[in-house]
Amino acid sequence: MALSLKKKEDEDEVKESEEEVIETSPLESIKDMYLKMIMKISPNPVKVMLPHGEVALKEDWDAGKGSQYTQIPEVDTEKVDVEEVTPVNEPFSYARIIYDKEASEYLYQVIEPELSEKEKDILELIKDTLRKTLSYDWEALSKVTKEEYLRNSVNAYLSSRNMKLDPISREKITYYIIRDFVGFGHVDALMNDDNVEDVSCDGVDVPLFIYHKKYESIKTDLRFEDEKVLNSFVIGLGQRCGKQISVSDPILDGTTVEGHRVQATYSREVTTRGSTFTIRRYKEKPFTPVDIIKFNTASPEMIAYLWLAVEHGESMIIAGGTASGKTATLNAIALFIPPGAKIVTMEDTREINLPHENWIPGTTRSGVGEKGADGKAAGEIDMYDLVRAALRQRPNYIIVGEVRGKETYTMFQAMATGHTTYSTMHADSVKSMVNRLENPPISTPRILLTALKNVLIQAQVRVGTTMVRRIKMLVEIVGFEAETNELITNTVYEWEQASDKFRFKGHSFLFDKIMTMKNMSHEEMQDEFQRRIDIINYMVREDITDFMELASIIVRYYKEPDIIVEEIREKMGIKRGGEMFA
Ligand SMILES: Nc1ncnc2c1ncn2[C@@H]1O[C@H](COP(=O)(O)OP(=O)(O)OP(=O)(O)O)[C@@H](O)[C@H]1O
Ligand SMILES: [Mg+2]
């Protein structure tokens, strides 16, 4: 389909048509461009017919079968069911999930533009040239600038060699150039799919696996067949995290500039099937309390309860296993922090995202060279340093992404001196959490533990046939009995596996505390709690999952509680205290 045009005219026309047809689809603009070019070369107007194939194809594209760049092939066997097709980076990449009935497994297929042999050759030539010519300050450029630079480079390469390519081929080649030089190359489509939680590669010539929101851990049709390619991919991942991975330092643990968490091993040094990696995708928009309720990770009542706890400065630890959703719950609950409060967050990798203005986000950084006598490399700033620095900033709320070392002790001292702190921790019960807190390397004295008011135990559990996340228990730390050296706890909410429901266990010391503090009667407390429940239910009903929008309702509640409650109850048809109009 190559258009036989002189390159100069071609370029001029591209510019002109870009200005004129901003609102049209890529197909329309290409057609338009094609027409104009023909008109320009030919002194007399000519009729231009589009190739029949393209017209026919357009109908297919409209039916969701891909685009003019990428055609989604038909599944022509009875053995598989197509579960869904989703655009990932439209109009170039798509994801299709199929169910293989014989193997009883799902497969995630990545569908990208197909290249002809000629296009492949050109792509390789351009890549080679770019590898040689990209300047040292390439890494410092922004993503948008990089894409623009690459786009121009492709055009310049083709013009300088007087190569004639039709616009579709040019776009396809540019897609691959951008994918490989700015994106995540081979796994770029996976990294652009919001349904993908993580991507893992277990070695050479092994299918890549992903954790999919809906289908959980599933196989993909991607693999690194060539060991060298895989090794250089892993080195590239290291560079994205500002770290080096090599034979002498074969284990990598880092975060890319975009916030994705990377774990990798190099070559066959420590993992026998070759280099491996796991990338945990960063979630741009944090989960809100509404998401947590929609997942049934907590009930609206529990969220209302946590709201009261956060507002009244009750420190909390969210404990659970790996990937049980601790950080997501922490972030959701932190949205209840009153708007003017000063917040300092500390994390190893940037995950928490808050709408508050008075917020200082901090992250640790690794140093350079050998570790010194204190176990730290030159320039290293660890969690302990950050927690100590945070205390000098006089925050009202301190959030430590995850505690595991000596910073925990400092965090407990901060709690004991009146700061509210939130953190997550690896432990699956209150008992194992206390055990970890009291023993090295944390070694917090039991008496200090009572500064902690709430413990949430979250877990990934199986309900029916699916894996879900649930807050299994919401426990209050009530006090400490000196004679027996026992911590006294009270379970406020508990999750029942059989019914998949949450039960209020009958008593909350938080309610007692608020009633004493604010001189409220039992009924008034009940009423206040119900107001929060109504607001939460309203937000769930309206599906307010945007954290800024949700935060604005919370801010309004802090400013003018009566007005907003009345408004919401009217919209919901609620009279008072949860009673519905007949
Ligand atoms: N309540 C939830 N329901 C469904 N999916 C969730 C929920 N919470 C978190 N997730 C998903 O689970 C993954 C892990 O979440 P998150 O990072 O919060 O877990 P974590 O317990 O903090 O993990 P880690 O142990 O690595 O710190 C994320 O990809 C997130 O999208
Ligand atoms: Mg976490």
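**Figure 1. The residues around ligand 1 are a mix of nonpolar, polar and charged types.** In this predicted model, the shell around ligand 1 divides into 5 nonpolar, 7 polar and 5 charged residues. Which residues come nearest to ligand 1? Of the 17 residues around the ligand, these are E197, G325, K326, T327 and A328. Look also for helix 11, residues 326-334, which gives the most to this shell, with 3 residues.

**Figure 2. The whole chain has 19 helices and 20 strands.** Before we zoom in again, here is the setting for the other views. The chain has 582 residues, and 34% of them count as buried. Now consider contacts between residues at least 6 apart in sequence: 51% of these join residues at least 24 apart.

**Figure 3. Helix 4 spans residues 117-133.** Its 17 residues should span 24 Å at 1.5 Å a residue, and the end C-alpha atoms are 24 Å apart, which agrees. Which residues of helix 4 are buried? They are I122, L123 and I126. Seen down the axis of helix 4, the buried residues fall within an arc of 105 degrees, so they line one face of the helix. On the other side of helix 4, E117, D121, E124, D128, R131 and K132 are exposed. What covers the buried residues of helix 4 includes helix 5 (143-160) and helix 6 (167-181).

**Figure 4. Helix 8 covers residues 227-240.** This helix has 14 residues and reaches 20 Å from its first C-alpha to its last, close to the 20 Å expected at 1.5 Å a residue. The buried residues of helix 8 are L230, N231, F233, V234, L237 and G238. Seen down the axis of helix 8, they fall within an arc of 160 degrees, so they line one face of the helix. Strands help to cover these buried residues: among them are strand 7 (251-255), strand 8 (261-265) and strand 9 (276-280). Just after helix 8 you will find G242, which takes a positive phi of about 70 degrees.

**Figure 5. A264 sits in strand 8.** Is A264 buried or exposed? A264 counts as buried because it has 24 C-beta neighbours inside 10 Å, and the cut-off for being buried is 20 or more. Leaving aside residues up to four places away in sequence, A264 touches V234, L237, G238, I245, L252, S275, T276 and F277. Three names in that list may be familiar from the previous view: V234, L237 and G238 are among the buried residues of helix 8. Another of the residues touched by A264 is S275. A264 and S275 are 11 residues apart in sequence, and their C-alpha atoms are 7.3 Å apart in space.

**Figure 6. Strand 11 pairs with strand 12 and with strand 15.** How many of the residues of strand 11 are buried? In this strand, residues 343-347, 4 of the 5 residues are buried, so strand 11 is largely enclosed by the rest of the structure. Strand 11 pairs with strand 12 (residues 359-363) in the parallel sense over 5 bridges. To find one of these partners, start from T345 and look for P361 in strand 12. Strand 11 also runs parallel to strand 15 (residues 397-400), and 4 bridges join the two. Here, the bridge partner of M346 is V400 in strand 15.

Key: Residues are numbered from 1 along each chain as its sequence is written. Chains are lettered from A and ligands numbered from 1 in the order in which they are written. This is a predicted model: local features need pLDDT of at least 70, side-chain atom pairs count only at pLDDT 80 or more; totals for chains, interfaces and linings use all residues. The expected span of a helix is 1.5 Å times one less than its number of residues. A residue is buried if 20 or more other C-beta atoms lie within 10 Å of its own, exposed if 12 or fewer, and partly exposed in between; C-beta atoms are placed from the backbone. The arc is that of the directions from the helix axis to the C-beta atoms. Two residues are in contact if their C-beta atoms, placed from the backbone, lie within 7 Å. A residue is near a molecule or strand if its C-beta atom, placed from the backbone, lies within 6 Å of it. Ala, Val, Leu, Ile, Met, Phe, Trp, Tyr, Cys and Pro count as nonpolar, Asp, Glu, Lys and Arg as charged, and the others, Gly among them, as polar. Two strands pair if DSSP finds at least two bridges between them.
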